[in-house]
Amino acid sequence: MDLPGVEKEDINIEATEEEVRVSAERGDRKYYKTVRLPDSVKPDTAKATYKNGVLTIILKKVRKGKDDKGIKIKIE
């Protein structure tokens, strides 16, 4: 996801087994996106990196079970 002009401290990422929500606010710029995932994932295995305005999130797939409450993901 491209987030030009945003510092990593201003990015909030939350994930459930079915979707990832990304929001960021920097001055008058606001970003929000929910991405529905094609397969179930393990949110607690998520890794996120942010470099040169590009946010990359990696999640491991899972076969069954659901976690609707989501977890916060730290950007490395």
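**Entry 1: the whole chain**

I call a residue buried when its relative accessible area is under 20%. With that cut-off in hand, I looked up the whole chain, and buried residues make up 30% of its 76 residues. I keep in mind that this is a predicted model.

Next I went through the secondary structure. I found six strands and zero helices in the protein chain, and reading along the sequence gave me the pattern β-β-β-β-β-β. The radius of gyration came out at 13 Å, close to the 11 Å that the globule rule gives for 76 residues, so I note the chain as being as compact as a globular protein of that length. Along the principal axes, the C-alpha atoms fill a box of roughly 40 × 20 × 20 Å.

I also checked how far the contacts reach along the sequence. Taking contacts between residues at least 6 apart, I see that 47% join residues at least 24 apart. For the surface, I noted about 5,500 Å² exposed by the chain, with carbon and sulfur atoms supplying 47% of that area.

**Entry 2: the S4–S5 hairpin**

Here I followed one pair of strands. S4 covers residues 41-51, and S5 covers residues 54-61. The two pair in the antiparallel sense, and I count seven bridges for them. They form a hairpin with two residues between them. In that turn I looked at asparagine 52, which has a positive phi of about 55°.

I then wrote down two facing positions. Lysine 51 stands opposite valine 54 in S5, and tyrosine 50 has leucine 55 as its bridge partner in S5.

**Entry 3: alanine 46**

I stayed in S4 for alanine 46, which lies in that strand. Is alanine 46 buried or exposed? Its relative accessible area is 18%, and because the cut-off for buried is under 20%, I enter alanine 46 as buried. Leaving out residues up to four places away in sequence, I find that alanine 46 touches Ile58, Leu59 and Ile73. I also took the distance to isoleucine 75: the two residues are 29 apart in sequence and 9.7 Å apart in space, C-alpha to C-alpha.

**Entry 4: lysine 30**

For another strand position I picked lysine 30, found in strand S3 (residues 29-36). Lysine 30 has a relative accessible area of 63%, and because exposed means over 50%, I log lysine 30 as exposed. What does lysine 30 touch, not counting residues up to four places away in sequence? I find Ala24 and Glu25. I also looked across to valine 54, which is 24 residues from lysine 30 in sequence and 16 Å from it in space, C-alpha to C-alpha.

**Entry 5: threonine 16**

Last, I turned to a loop. Threonine 16 sits between strand S1 (11-15) and strand S2 (19-26). Its relative accessibility is 7%, so by the under 20% cut-off I count threonine 16 as buried. I then checked its side chain and found a polar atom 3.1 Å from the backbone nitrogen of glutamate 18.

Technical notes: Residues numbered from 1 in each chain as written. Predicted model: local features only at pLDDT ≥ 70, side-chain atom pairs only at ≥ 80, totals over all residues. Heavy atoms only, no water. Helix = DSSP H or I, 4+ residues; strand = E, 2+ residues; numbered from the N terminus. Buried < 20%, exposed > 50% of the residue type's maximum accessible area, 1.4 Å probe, protein only. Contact = heavy atoms within 4.5 Å. Pairing = 2+ DSSP bridges. Polar contact = N/O pair within 3.5 Å; in protein donor to acceptor, adjacent residues only side chain to side chain. Rg over C-alpha atoms; globule rule 2.2 N^0.38 Å. Areas by Shrake-Rupley, 256 points an atom, 1.4 Å probe, with all protein chains shown as cover.
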